[in-house]
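Student: I keep reading terms like "buried" and "salt bridge" without checking what earns them. Can we go through one structure and test each label against its cut-off?

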Amino acid sequence: MFTIVKMIEDNTKKIISIVNSNQPISFLKPSIDEWSINECLDHIIRVEENIYTNIFCNMTSPQKHTNLEKFGFDKIYHILVEKRNIKVKSPDLFIPDINSFDTEELIARFQRTRNNIVKLLKTSPNIFDNSLYEHPNLGLLTKTDWLYFLISHAERHSIQMEGVVDTIQNH
């Protein structure tokens, strides 16, 4: 679990750094069809709050995999980050809310969710078993795979945020 905790902490620092260093433009959209930095962060928060609450804290599943990982980090990272050109429509539940774009509030919510996840990993490592939970596009994932999804999904959107910065600064 130490490696996953380190990956989450490093990813958290990266995203907060991108958002903090671009606060003056964090609400700007590169185009009508693209998300701003704040919208990306709001989306990440919505997804991660849902994963934390529903997968890690509340759900139980009778379905089990033979291992703690069904996909593993490399495969999930490849699908979500290295194949970023493949766009998937976000479920409505995770579409950014344009009324919640106070950057400081978004950063605080993001940090709080990440802290909760890391605390759970450090205090309850046995919570991560081989139970399977449905992902709408990837199919059944173990709790460990859900952590890999969380990290890779946020990385995908951190690259998107960096692209937003480049587009806005170069126009």
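Student: Why is the pair Arg-46 and Asp-42 called a salt bridge?
Tutor: Keep in mind that this is a predicted model. The closest N and O atoms of Arg-46 and Asp-42 are 2.6 Å apart. The cut-off is a side-chain nitrogen of Lys or Arg within 4 Å of a carboxyl oxygen of Asp or Glu, so this pair qualifies.

Student: How do you know that Arg-46 and Asp-42 are separated by about one helical turn?
Tutor: Both belong to helix α2 and sit 4 residues apart, which means a spacing of about one helical turn.

Student: Which of the two, Arg-46 or Asp-42, is buried, and which is partly exposed?
Tutor: Buried means under 20% relative accessible area. Asp-42 has 0%, so the label buried fits. Arg-46 has 21%, and because partly exposed runs between 20% and 50%, that is the label for Arg-46.

Student: What makes Glu-39 and Lys-29 a salt bridge?
Tutor: Their side chains meet at 3.4 Å, N to O. The limit is 4 Å, so they count. Glu-39 is in helix α2 and Lys-29 in the loop between α1 and α2, so the pair ties together parts 10 residues apart in sequence.

Student: And are Glu-39 and Lys-29 buried or partly exposed?
Tutor: One of each. Glu-39 is at 6% relative accessibility, which is under 20%, so Glu-39 is buried. Lys-29, with 36%, falls in the range between buried and exposed, so Lys-29 is partly exposed.

Student: What makes Arg-114 and Glu-48 a link between distant parts of the chain?
Tutor: Begin with the contact: the two side chains form a salt bridge at 2.7 Å, N to O. Arg-114 lies in helix α4 and Glu-48 in helix α2, with their positions 66 residues apart in sequence. Both Arg-114 and Glu-48 are buried.

Student: Which residues do shared salt-bridge partners join into one network?
Tutor: Asp-42, Arg-46, Glu-49 and Arg-109. Across the whole structure, the search finds 8 salt bridges.

Student: How do you know that Thr-113 is buried?
Tutor: Thr-113 has 6% relative accessibility, and the cut-off is under 20%, so Thr-113 passes. Thr-113 is in helix α4. Leaving aside residues up to four places away in sequence, Thr-113 touches Glu-48 and Glu-49.

Student: Why is Phe-94 called buried?
Tutor: At 13%, Phe-94 is under the 20% limit, so Phe-94 is buried. Phe-94 is in the loop between α3 and α4. With residues up to four places away in sequence left out, the contacts of Phe-94 are His-43, Arg-46, Val-47 and Asn-50.

Student: What about Phe-56: how do you know that Phe-56 is buried?
Tutor: The relative accessible area of Phe-56 is 2%, which is under 20%, so the label holds. Phe-56 lies in helix α2. Not counting residues up to four places away in sequence, Phe-56 touches Ile-51, Leu-120, Ile-127, Phe-128, Lys-143, Trp-146 and Leu-147. Take Lys-143: 87 residues from Phe-56 in sequence, but 7.2 Å apart in space, C-alpha to C-alpha.

Student: Which residues have the most contacts inside the largest nonpolar core?
Tutor: Ile-8, Ile-51, Phe-56, Leu-121, Trp-146, Leu-147 and Phe-149, in a core of 25 residues. The elements giving two or more residues to this core are α1, α2, α3, α4 and α5, and α5 gives the most, with 6. A second, separate core has 19 residues, including Ile-15, Ile-18, Phe-110 and Val-164.

Student: Why would nonpolar side chains gather like that?
Tutor: In soluble globular proteins, nonpolar side chains tend to be buried together.

Student: One last topic: which residues are closest to the centre of the largest pocket?
Tutor: The largest pocket has a volume of about 1,000 Å³. Of its 38 lining residues, His-43, Val-88, Lys-89, Ser-90 and His-157 are closest to the centre. Two or more lining residues come from each of α2, α3, β1 and α5, with α5 giving the most, 10 residues. By type, the lining splits into 20 nonpolar, 10 polar and 8 charged residues.

Terms used. Residues are numbered from 1 along each chain as its sequence is written. This is a predicted model: local features need pLDDT of at least 70, side-chain atom pairs count only at pLDDT 80 or more; totals for chains, interfaces and linings use all residues. Side-chain values use heavy atoms; hydrogens and water are left out. On a 1 Å grid over the protein atoms alone, a cavity is a set of points where a 1.4 Å probe fits but cannot get out, and a pocket is an open set with protein on both sides within 12 Å along at least five of seven lines; lining residues have an atom within 4 Å of a point. Grid points are joined across faces, edges and corners, and a volume is the space filled by probe spheres set on the points. Ala, Val, Leu, Ile, Met, Phe, Trp, Tyr, Cys and Pro count as nonpolar, Asp, Glu, Lys and Arg as charged, and the others, Gly among them, as polar. A nonpolar core is a set of buried Ala, Val, Leu, Ile, Met, Phe, Trp, Tyr and Cys residues joined through side-chain atoms within 4.5 Å. Buried means under 20% relative accessible area, exposed over 50%, partly exposed in between (1.4 Å probe, protein chains only). Contact means heavy atoms within 4.5 Å.
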